[in-house]
Amino acid sequence: MHADWHTFWPKVVDATGETVYMVLVTLALSALLGTGVGLALHTTRKGGLLPSRLVHTVLNALINVIRPVPFIIAIVALSPVTRSVVGTMIGTDAAVFPMVVVATFGVARIVETNLLTVEPGVIEAARSMGAGPLRIVVTVLIPEALGPLVLGFTFVLVALIDFSAVAGTVGGGGVGNLAMTYGYLRFDTSVMAVSVAVLIVLVQIAQLLGNLLARKVLRR
Amino acid sequence: MIELRDVAKTYPGAGRGAKPFTAVEDVSLTVAAGRVLGIVGHSGAGKSTLLRLVNHLEVPTSGRVLVDGRDLGALDGRELRAVRRSIGMVFQQFNLFRSRTVLGNVAYPLRLAGVSRAGARARATEVLRFVGLEEQARRHPEQLSGGQRQRVGIARALATSPGVLLCDEATSALDPHTTGEVLDLLRRVNTELGVTIVLVTHEMDVVRALCDEVAVMSGGRLVEHGDVYDVFARPRHPVTEVFVRSALRDLPGDAARERLRARHPGRLVTVPVTRDAAASARLSRLLRAHGVDFTVAHAGVGEVRGAPLGSVTLALHGEDADVDAFLAGLTAREAARDATEDAPHGATREEAHGKAVA
Ligand SMILES: Nc1ncnc2c1ncn2[C@@H]1O[C@H](COP(=O)(O)OP(=O)(O)O)[C@@H](O)[C@H]1O
Ligand SMILES: [Mg+2]
């Protein structure tokens with residue numbers, strides 16, 4: 001059985017819209033939260049701006065526990081929490097929740113790693129000029145690491161498109177859901193092909209925008 | 001004025017079970033306003049740590065740091081940051097902000113100090129003019145040469161018109177020519193702006209070119225401190241001696257000494273040359289009085305703070321008795337002179353038979 005393309009195209013458009021929504025909302029939230037955790041990790045490390053062994057160890061352990069969990073398992077494991085926070089376990093918003101949780105810790109590690117590329121000497125220079133810790137984070141640490149940070153966020157964005165498709169297959173909506181319900185369950189290879197094509201195009205756009213932005217920041 | 005009173009810095013050992021390490025121990029040092037002090041020492045001697053104590057980038061484990069009479073240890077975070085604005089700092093690796101233009105780098109400390117955007121721009125442009133980089137204002141640090149980058153570093157450190165400039169190996173990443181340019185600039189900073197400079201280096205040539213005073217560190221301690229000419233002329237500590245040797249190179253080395261002896265069968269004598277002009281007149285008179293001639297076998301005389309310093313090795317010609325009498329007269333004078341005046345590395349010595357007369 002094949003889909004009726006007249007009624008099908010609007011579904012593709014809707015599903016693409018849902019995917020973009022899930023990815024962008026997740027990116028915004030996880031960027032915010034993950035950057036916070038990443039900054040906390042960086043500043044509390046030994047010799048950092050506000051060293052705290054306790055905070056650093058706890059955050060580090062948390063990331064190390066959450067990151068290796070495969071996303072599909074995380075969705076299932078988090079589903080009780082998802083239900084109590086979002087109110088439902090299906091649909092785009094229900095998919096966004098586990099995506100944000102997992103992405104936050106991924107972003108945290110990426111942010112921490114990229115902040116480490118900032119030479120300690122530059123931070124020391126700012127300290128010698130009388131800059132306080134918060135000031136240094138905002139005016140030195142982040143601007144100096146911005147190029148690699150943009151590339152790191154691009155990586156996250158691409159990974160989120162992947163995540164959204166996975167979430168879609170288990171009731172999360174978007175292109176993943178489309179591929180599952182029409183392509184897989186109804187054995188429609190052309191719908192599967194369209195879904196894959198949409199995902200490829202989305203990834204290409206994300207990568208292209210990220211590269212352009214990084215190039216601008218890095219002046220290369 | 002900078003005053004360090006019995007400061008010490010002990011770092012907790014890195015990692016579990018590692019022993020604490022004392023990088024600076026019992027250092028007391030005063031630098032009067034307007035002076036240029038050079039701190040020399042081998043790598044790991046504690047120079048950078050000592051310098052970082054001055055603006056409390058490193059808080060001393062014990063002892064006190066006073067800048068213009070204010071005890072930095074008694075200040076809260078905000079007050080300390082304000083004091084830091086009156087102390088500029090320059091680094092070996094420049095430590096410029098790559099995310100900012102040259103102008104942005106120099107304007108940064110002004111913005112920290114609460115100067116308006118326009119005011120910071122104007123002042124930054126003025127400082128860039130002082131260091132000769134006005135034209136480069138819009139460029140980014142990576143587009144500049146090493147020497148230009150360090151001049152930006154100096155401009156940034158001077159932006160808030162500090163009374164003190166701390167330089168940690170400011171020329172160590174530069175080639176000799178560029179080093180000269182940066183040293184010239186630092187000299188202008190001192191003479192034209194009246195800024196007190198404390199400069200850490202492992203190059204005695206830098207001290208000789210720029211400093212009024214020199215302090216020598218070894219194993220975290222201050223082993224010598226004095227007027228640059230005095231320390232060059234009369235180093236007291238073995239480490240100081242090594243550093244002075246590296247810059248003065250006035251005495252023939254062991255191999256050269258062997259060659260000199262082979263070439264000059266007569267007696268050799270090495271005499272100091274100092275800013276005491278009368279000394280060479282005395283030498284000349286003594287040679288004439290005893291009828292002794294000489295040829296110059298080796299000479300190393302340089303300038304330290306505008307005055308000559310070094311030594312010459314003379315091969316003496318004459319009757320043995322006359323040469324003996326001359327050497328006796330020379331040694332007697334040296335012994336008398338020694339207590340009161342400059343004499344590099346001790347005093348006159350006779351090189352023949354490897355015997356030191358002094
Ligand atoms: N943050 C630190 N923690 C532990 N040891 C340090 C630290 N900074 C410096 N040291 C040690 O203190 C000693 C002196 O270092 P430093 O002041 O940088 O010497 P210098 O500048 O004379 O080469 C060195 O042995 C160095 O390893
Ligand atoms: Mg050093």
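Start by colouring chain A of this predicted model by pLDDT. Select helix α5 (residues 120-128) of chain A, which has the highest mean pLDDT among the elements of that chain, 96. Then select helix α7 (residues 174-184) of chain A, where the mean is the lowest, 83. For the chain as a whole, the average pLDDT is 90, and 98% of the residues score at least 70.

Stay on α7(A) and show its side chains. Which residues are buried here? They are G174(A), V175(A), G176(A), L178(A), A179(A), Y182(A) and G183(A). To see what these buried residues pack against, add three helices of chain A to your selection: α1 (5-44), α6 (133-172) and α8.

Next, move to the surface and select Y184(A), L185(A), M192(A), V196(A) and I200(A). Together they make a nonpolar patch of about 480 Å². Helix α8 (residues 189-218) of chain A gives the patch its largest share, three residues. The pattern of such positions is worth a look: an α-helix has 3.6 residues a turn, so residues three or four places apart point the same way.

Now click on I200(A), which is found in helix α8 of chain A. Is I200(A) buried or partly exposed? Its relative accessible area is 49%, so I200(A) counts as partly exposed, just short of the cut-off for exposed, which is over 50%.

For the last stop, go to chain B and pick G318(B), in the loop between β13 (307-317) and α12 (320-338). G318(B) is partly exposed, at 47% relative accessibility. Finally, draw a distance from its C-alpha atom to that of K19(B): the two residues are 299 apart along the chain, and the C-alpha atoms are separated by 65 Å.

Methods: Residues numbered from 1 in each chain as written. Chains lettered and ligands numbered in written order. Predicted model: local features only at pLDDT ≥ 70, side-chain atom pairs only at ≥ 80, totals over all residues. Heavy atoms only, no water. Patch = residues over 30% accessible without salt bridge, like charges linked within 9 Å, V, L, I, M, F, W, Y side chains within 5 Å. Areas by Shrake-Rupley, 256 points an atom, 1.4 Å probe, with all protein chains shown as cover. Salt bridge = Lys/Arg side-chain N within 4 Å of Asp/Glu carboxyl O. Helix = DSSP H or I, 4+ residues; strand = E, 2+ residues; numbered from the N terminus. Buried < 20%, exposed > 50% of the residue type's maximum accessible area, 1.4 Å probe, protein only. pLDDT = per-residue confidence, 0-100. Contact = heavy atoms within 4.5 Å.
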